[in-house]
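Here are some exercises on pockets, cavities and helix packing, each with a worked solution. Take a look at the model first, then try each task before reading on.

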Amino acid sequence: MASAIRDIDHLIVGGAAGASARTGDVFNPNTGAVQARVALGTQADLDRAVAAAQKAQPGWAATNPQRRARVMFNFKALVEKNMEALAHLLSSEHGKVIADAKGDIQRGLEVIEFCCGIPHVLKGEYTQGAGPGIDVYSMRQPLGIGAGITPFNFPGMIPLWMSGVAIATGNAFILKPSERDPSVPVRLGELFLEAGLPEGILQVVHGDKEMVDAILDHQAISAVSFVGSSDIAHYVYSRGVAAGKRVQAMGGAKNHGIVMPDADLDQVVADLSGAAFGSAGERCMALPVVVPVGEKTAIALREKLIPAIENLRVGVSTDSDAHYGPVVTAIHKKRIEDWIQTGVDEGAELVVDGRGFELQGHEGGFFVGPTLFDHVTTSMSAYKEEIFGPVLQIVRAQDFEHAVRLPSEHQYGNGVAIFTRNGHAAREFAARVNVGMVGINVPIPVPVAYHTFGGWKRSAFGDTNQHGMEGVKFWTKVKTVTQRWPDGGVGDTANAFVIPTMG
Ligand code: NAD
């Protein structure tokens with residue numbers, strides 16, 4: 001018996017406006033079947049959300065930060081209580097295995113933990129006696145209404161990166177999640193309400209380009225945080241800034257893992273199994289390029305990599321023994337397989353071919369087998385562009401200098417890793433490489449929540465990163481007050497302060 005197809009609606013104060021004229025299919029990537037239809041919203045849906053946000057935001061901004069933090073504490077406890085259900089829901093729409101789905105939510109919760117300390121973070125600065133009888137202090141105030149536009153690959157973590165900091169700092173926040181796996185963002189919004197967040201402070205609107213454009217052009221929205229592919233990130237950045245908004249827009253990636261001749265190759269291979277193939281390679285901090293330094297390293301690494309890759313278990317996302325599950329859609333599966341063909345056409349050596357992979361009993365699922373290329377060169381488009389699938393490319397470097405140049409000269413600059421036992425080489429590499437996030441013997445160097453996340457070059461547009469103090473800066477504006485309380489009280493003209501010098 002075919003199971004019923006769910007409807008996924010916006011989470012807007014006052015409820016749904018009625019059936020949406022347009023909807024998008026949400027698939028179960030394990031089977032290929034449509035399991036839900038998500039509303040694709042319009043300007044009118046956004047206007048309703050903005051009106052509710054405008055009504056709620058001043059009261060929320062005036063709520064003392066300790067009370068705002070209490071909502072964060074409650075929310076964290078509720079998410080933890082609902083972790084199993086959230087992870088299964090996430091996995092059923094995205095296709096990542098349950099352990100990865102829990103990790104996705106957990107990394108987002110770590111930003112909520114950071115937000116529990118928001119009273120401390122918002123304390124501001126103070127100088128007593130900056131001039132005679134004069135004190136100067138600064139405060140961080142919310143922007144008003146912010147919006148977040150998020151990608152499919154972290155439907156738990158990335159909405160929480162943005163919404164946590166935006167809300168904790170006193171803004172109202174409107175989330176437009178990926179239309180491919182929108183259910184977890186809606187559940188998170190519901191749990192925020194259950195945690196005591198006032199209605200209108202976090203709302204979820206669904207949609208595609210039409211909704212994104214409405215957000216970018218809306219005069220009542222002060223800031224937009226975006227994460228997705230680079231062309232769209234650039235478009236969002238340009239259009240949002242042109243409309244007078246503060247915009248941060250994180251884009252795509254092609255992260256390199258440098259393997260020095262002294263690296264522990266067994267450790268590197270184990271790390272690459274997770275970093276290149278975990279979550280089917282659908283991570284912006286995945287390591288899809290491995291760079292062995294010197295021929296001997298390349299030969300030894302390749303010898304160890306091949307059996308490790310051939311032994312990876314691809315399975316349905318609920319299979320606890322599966323290394324990774326299906327990719328998100330049939331279109332994405334085709335795109336990955338087309339890139340593999342491009343690599344072949346461009347002359348790379350296809351060592352392990354993951355195309356045409358079928359899982360018995362799940363022939364309609366969007367599975368791609370693990371794939372390995374060797375002798376990939378910098379002139380190939382399959383090297384230059386992001387594939388975002390379970391495809392690892394070996395690019396051989398002659399020496400350390402060559403290895404530093406490869407990620408530095410690539411159009412993307414999200415993350416990079418170096419595997420070595422040589423502290424000097426690691427230190428040099430970290431200092432010189434032209435990439436935003438560096439791992440030293442850490443394959444996926446996603447910074448902890450109280451540091452900050454952001455790449456360089458075409459991996460990020462705008463100058464402020466996600467979460468940590470950079471996130472707080474993005475979601476607030478600074479006001480600086482210079483105050484004087486003259487001795488003689490009101491009307492003491494003898495102490496007139498005409499020219500603002502402090503001498
Ligand atoms: P995407 O760019 O297709 O979609 C991202 C968001 O943009 C979605 O909400 C989508 O609805 C919207 N969108 C799509 N097309 C649009 C258009 N033409 N106009 C306006 N809006 C549009 O990205 P995706 O496939 O969902 O996610 C994968 C991409 O995200 C990869 O490139 C990955 O590297 C990147 N990513 C980057 C980071 C980072 O922090 N740098 C993190 C995660 C993912």
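**Exercise 1.** Find which helices each supply at least two residues of the lining of the second largest pocket, and work out where this pocket lies relative to the two domains.

*Solution.* Keep in mind throughout that the model is predicted.

Step 1: Start with the helices. Those that each supply at least two lining residues are α4 (98–115) and α6. The largest share comes from α4, with four residues.

Step 2: Turn to the centre of the pocket. The lining is made up of 15 residues, and Arg107, Phe154, Arg283, Ile444 and Val446 are the closest to the centre.

Step 3: Sort the lining by class. You should get eight nonpolar, two polar and five charged residues.

Step 4: Add the volume, which is about 230 Å³.

Step 5: Place the pocket. Domain 1 (6–251 + 459–480) and domain 2 (256–440) both contribute to the lining, so the second largest pocket lies between them.

**Exercise 2.** Describe the largest pocket: its volume, the residues and elements of its lining, and its place relative to the domains.

*Solution.* Step 1: The space in the largest pocket comes to about 990 Å³.

Step 2: Its lining has 44 residues, and those nearest the centre are Phe152, Arg180, Gly228, Ser229 and Ile232.

Step 3: Next, list the elements that give two or more residues to this lining. They are the strands β2 (23–28) and β9 (223–227), together with the helices α6 (157–168), α8 (209–217), α9 (230–242) and α12 (330–345). Of these, α12 gives the most, with five residues.

Step 4: By class, 20 of the lining residues are nonpolar, twelve are polar and twelve are charged.

Step 5: Residues of the lining come from both domain 1 (6–251 + 459–480) and domain 2 (256–440), so the largest pocket lies between the two.

**Exercise 3.** How many cavities of 30 Å³ or more does a search of the whole structure find, and which residues are closest to the centre of the largest cavity?

*Solution.* Step 1: The search finds four such cavities.

Step 2: The largest cavity holds about 100 Å³ of space. Among its 14 lining residues, Gly281, Arg283, Ala286, Pro288 and Phe388 are the closest to the centre.

Step 3: The class count for this lining is eight nonpolar, three polar and three charged residues.

Step 4: Now look back at Exercise 1. Arg283 was also listed there, among the residues closest to the centre of the second largest pocket.

**Exercise 4.** Classify the packing of two helix pairs, α1 with α8 and α2 with α7.

*Solution.* Step 1: For α1 (residues 43–62) and α8, the axes are 9 Å apart and the angle is about 45°. That angle makes α1 oblique to α8. Their crossing is right-handed.

Step 2: For α2 (residues 65–81) and α7 (residues 183–194), the axes come within 8 Å and cross at roughly 125°. Here, too, the angle makes α2 oblique to α7. The crossing of α2 and α7 is right-handed.

Note on methods: Residues numbered from 1 in each chain as written. Predicted model: local features only at pLDDT ≥ 70, side-chain atom pairs only at ≥ 80, totals over all residues. Heavy atoms only, no water. 1 Å grid on protein atoms, 1.4 Å probe; cavity = no way out; pocket = protein on both sides within 12 Å on 5 of 7 lines; lining within 4 Å. Points joined across faces, edges and corners; volume = space filled by probe spheres on them. Nonpolar A, V, L, I, M, F, W, Y, C, P; charged D, E, K, R; others polar. Domains from an automatic or database assignment. Axes fitted to C-alpha atoms, helices over the stretch in contact; angles between N-to-C directions. Parallel < 35°, antiparallel > 145°, perpendicular 65-115°, else oblique. Left-handed = near helix turned anticlockwise from the far one by under 90°.
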